[in-house]
Structures are given as C-alpha cells and as structure tokens.
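Grab a pencil and work through these exercises with the model open beside you. Each one sets a task and then walks through a solution.

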Amino acid sequence: MGSLPPSLDLPSPNAKSQQIDQTTLLNLFKSQQNHLNHFFQNLDLSQTLSFTQTLLRCNGAIFFSGVGKSGFVANKISQTLISLGIRAGFLSPVDALHGDIGALSASDILVLFSKSGNTEELLRLVPCAKAKGAYLVSVTSVEGNALTAVCDMNVHLPLERELCPFDLAPVTSTAIQMVFGDTVAIALMGARNLSKEEYAANHPAGRIGKSLIFKVKDVMKKQNELPICKEGDLIMDQLVELTSKGCGCLLVIDEEHHLIGTFTDGDLRRTLKASGEAIFKLTVGEMCNRNPRTIGPDSMAVEAMKKMESPPSPVQFLPVIKDDNILIGIITLHGLVSAGL
C-alpha cells in the first residue's frame with residue numbers, strides 16, 4: 001500500500017493573494033447595490049404591468065422555464081406561485097422535448113427566463129410550445145435577442161453589468177430575475193385577495209400554517225391525560241397525579257367538572273418551604289390558585305402561547321374551559337413547541 005500524501009496544510013504558492021479585507025467586501029456590496037438600483041430605476045413598469053395582468057388572466061397553468069442559473073430562478077418563482085395557490089410549474093427545456101411538454105396546453109402560459117435571450121435549449125422549445133397553443137413570454141436582459149422575435153410577449157430586465165469582474169458570472173442578472181419574479185408573485189397574491197387562512201392552508205406542515213390553522217382544541221390534552229383532583233384532596237395524596245401527567249400542575253375541579261383553580265409543582269415547593277410537616281394535612285383547595293389564566297378551545301394555538309408569555313409572569317400551561325367554566329382540557333408550552341409553533 002502506498003504512503004499517504006504530504007500534509008495538505010502546506011501553504012499554496014498563491015496564499016498571499018487568497019485574502020479579502022473589509023473594504024473590498026463593502027465595495028462589492030455597494031457595487032451590487034448600484035447595479036440593482038439601475039434595474040429598479042430603468043424597469044419599464046407599463047411592460048411589467050401588462051405581464052402581471054396577463055398572468056392574472058391566465059385560465060390555465062403558468063409554467064416557467066430556463067437553463068442553468070436562470071432555470072433555478074424560474075423553478076423558485078414557480079414554487080412561490082404554487083405556495084400562493086396559483087396553478088404553476090417548472091418545465092425543464094430538455095425534459096420538455098422528451099415528453100414533459102405533454103403538461104402544456106393551449107390555455108397555459110410559458111414564461112422563458114434567459115439573460116441573453118439566445119439560449120439554444122429555450123429556442124428549441126419555442127416551436128414545440130407554440131404547437132401546443134401555449135402563450136409564450138420571454139424575460140431577458142439583452143436587447144434584440146432571438147427569443148423576443150419568437151415570443152408573444154417580451155419583458156426586458158435592465159442589467160447594467162454583472163458584479164463579476166469579468167462581467168460573466170450570472171450573479172446580478174439572477175438577482176434581478178428573482179426580485180422581478182417574486183415581486184410579480186406578490187402582486188398576483190394581492191390581486192387575488194388571498195387571505196391569511198388560504199395562505200396557511202398551503203403551508204400546513206410549516207410554522208406559518210400551524211400558527212394560522214391550529215386551534216387550542218387541536219393540540220390540547222384532554223380526558224384521561226388531564227391531571228385533575230378535587231379541592232378536598234390532600235396535597236400529599238396527589239403527588240403522583242401532579243408528576244405523572246407531564247403538565248407540571250393539578251387542575252382542581254368540583255363534582256360538575258367546573259374549574260376551581262390550579263396547583264403547580266412550584267406551589268408545592270413553596271408550600272413545603274412555608275409549612276414544613278404541616279403540608280401532610282393541607283388540602284389542594286387550601287393552597288391552589290383560584291384565579292388562573294384560562295383559554296377557550298376555539299382560540300388559536302398561537303394566542304395561547306402569547307397568553308402564557310404575557311405579564312406579570314410567564315406560565316407553562318393554560319386550562320381549557322367552555323363558556324360555563326367546564327374544564328375540557330389543558331394546553332402546555334411544551335405541547336405547543338412539540339407541535340412546531
């Protein structure tokens with residue numbers, strides 16, 4: 001077996017040139033800001049409005065396509081629209097010519113992102129997309145390109161130059177493509193009057209959706225999970241109930257299940273410190289908090305979290321009651337966190 005190569009920590013011949021200072025970095029950010037300002041200052045808003053209205057009136061799906069970095073942007077914008085409940089998708093120009101163009105119909109719009117407007121893969125896709133009857137839109141940054149001559153609508157994204165010192169690496173062009181596409185997406189969101197609830201419905205697994213969809217009754221503990229006791233029960237007889245349900249408290253109720261108060265593990269420590277051996281004779285009702293914070297089952301779970309964190313001091317749980325003060329559950333901070341809220 002051969003020996004291992006020498007240590008890879010040896011300095012390279014160009015080590016001195018592989019440095020960057022704060023001034024250089026700041027100047028790069030300022031240059032990129034200037035390039036983006038050029039885009040904002042020279043964007044044709046009437047052209048952009050026509051494009052946005054065209055997407056808004058689309059009766060089918062809105063497909064986006066691009067190659068390389070522009071393809072990544074096109075894919076991302078399609079995903080943004082999908083998350084807003086708009087029928088959209090990404091169509092790879094290569095895969096489209098091998099069957100995926102079957103997803104395209106005459107009622108659809110195909111938006112082609114390309115900095116140069118001369119991307120061969122997109123130009124090969126155009127006649128096939130036209131044969132399907134789709135409406136074609138080019139979004140490019142170079143004047144007089146090939147795509148503008150063959151598409152039904154053209155949008156020009158003003159590009160001063162790339163931040164790359166050689167004016168080659170697509171970094172500024174993709175930035176303005178992303179800004180343009182996502183801004184148009186939000187304009188469509190506003191025009192369609194999308195509500196928070198509708199938006200959340202498209203994000204049920206994420207924190208956004210959970211905070212707007214989940215109610216207290218969806219995440220509360222109930223029935224046999226509740227650490228309940230009566231006010232006449234001795235504190236020391238309820239230690240198992242206090243500790244075994246994982247709520248850090250006892251919920252004190254009467255015979256009709258009305259909530260009387262709460263007794264926490266903190267209350268237990270304070271009572272033990274103040275009473276000593278007398279704790280063996282004390283009932284839960286004598287030491288419980290008879291004015292606890294509570295919440296209703298139809299309140300939003302995120303409201304429960306805010307209520308737990310509100311002054312004068314945070315709490316770890318809220319009893320859940322009906323209008324007639326009937327105890328039906330408990331919601332805990334741990335439960336909310338575990339639910340992803």
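The domain bounds used here come from an automatic or database domain assignment. Keep in mind throughout that this is a predicted model.

**Exercise 1. Find the domains, work out how far apart their centres are, and see what UniProt says about the spans.**

Solution.
- Step 1: Start with the assignment, which splits the chain into domain 1 (24-194) and domain 2 (216-339).
- Step 2: Take the centres over C-alpha atoms, and domain 1 and domain 2 turn out to be separated by 56 Å.
- Step 3: Turn to the record. An unreviewed UniProt entry puts "domain: SIS" at residues 51-194, and "domain: CBS" (unreviewed entry) at residues 220-279 and 288-341.
- Step 4: Look at how those spans are built. Residues 51-194 are 40% helix and 16% strand, with end C-alpha atoms 20 Å apart. For residues 220-279, the figures are 28% helix and 23% strand, and the end C-alpha atoms lie 31 Å apart.

**Exercise 2. Describe the largest pocket: what is its volume, and which elements line it?**

Solution.
- Step 1: The volume first: the largest pocket holds about 360 Å³ of space.
- Step 2: Its lining has 20 residues, and those closest to the pocket centre are Thr262, Thr264, Asn289, Val315 and Phe317.
- Step 3: Now map the lining onto elements. β8 (259-264), α11 (265-275) and β9 (317-321) are the ones giving two or more residues, and α11 gives the most, with 4.
- Step 4: Sort the lining by class, and you get 8 nonpolar, 8 polar and 4 charged residues.

**Exercise 3. Do the same for the second largest pocket: which residues line it, and how do they divide by class?**

Solution.
- Step 1: This pocket has about 170 Å³ of space.
- Step 2: List the lining: Phe39, Phe40, Leu43, Leu45, Thr48, Leu49, Thr52, Val179, Phe180, Thr183, Val184 and Ala187.
- Step 3: At least two lining residues each come from α1 (22-42), α2 (45-56) and α6 (172-191). The largest share belongs to α6, with 5 residues.
- Step 4: By class, that makes 9 nonpolar, 3 polar and no charged residues.

**Exercise 4. How many cavities of 30 Å³ or more are there, and what lines the largest cavity?**

Solution.
- Step 1: The count is 1 cavity of 30 Å³ or more.
- Step 2: The volume of the largest cavity is about 40 Å³.
- Step 3: Around the cavity sit Phe51, Leu55, Phe64, Ile77, Leu81, Phe113, Phe180, Gly181 and Val184. Here α2, α3 (69-83) and α6 each give two or more residues, and α6 gives the most, with 3.
- Step 4: Check the classes: 8 nonpolar, 1 polar and no charged.
- Step 5: Compare with Exercise 3. Phe180 and Val184 line the second largest pocket, and Phe180 and Val184 also turn up in the lining of the largest cavity.

**Exercise 5. How many disulfides does the structure hold, and why is Cys151 not in one?**

Solution.
- Step 1: The structure holds 0 disulfides.
- Step 2: The cut-off you need is a pair of cysteine sulfur atoms within 2.5 Å.
- Step 3: Take Cys151. The closest cysteine sulfur, in Cys128, is 13 Å from its own, so the two are too far apart for a bond.
- Step 4: Try Cys288, which is also in no disulfide; there the nearest cysteine sulfur is that of Cys229, 8.0 Å away.
- Step 5: Check accessibility. Cys151 counts as buried because its relative accessibility is 11%. Cys288 is buried too, at 11%.

**Exercise 6. Look at the backbone: where does Asn193 sit, where does His257 sit, and which peptide bond is cis?**

Solution.
- Step 1: Recall the background: most residues other than glycine have a negative phi, and most peptide bonds are trans.
- Step 2: Asn193 is not a glycine, yet its phi is positive, about 55°. Asn193 lies in the loop between α6 and α7 (196-201) and is exposed, with a relative accessible area of 64%.
- Step 3: His257 has a positive phi as well, near 70°. The loop between β7 (249-253) and β8 holds His257, which is partly exposed at a relative accessible area of 30%.
- Step 4: For the peptide bond, go to Pro311 and Pro312: the bond from Pro311 to Pro312 is cis, with omega near 5°. Pro312 is in the loop between α13 (301-309) and β9.

How values were computed:
Residues numbered from 1 in each chain as written. Predicted model: local features only at pLDDT ≥ 70, side-chain atom pairs only at ≥ 80, totals over all residues. Heavy atoms only, no water. 1 Å grid on protein atoms, 1.4 Å probe; cavity = no way out; pocket = protein on both sides within 12 Å on 5 of 7 lines; lining within 4 Å. Points joined across faces, edges and corners; volume = space filled by probe spheres on them. Nonpolar A, V, L, I, M, F, W, Y, C, P; charged D, E, K, R; others polar. UniProt positions renumbered as here; feature names shortened; annotations may be inferred. Buried < 20%, exposed > 50% of the residue type's maximum accessible area, 1.4 Å probe, protein only.
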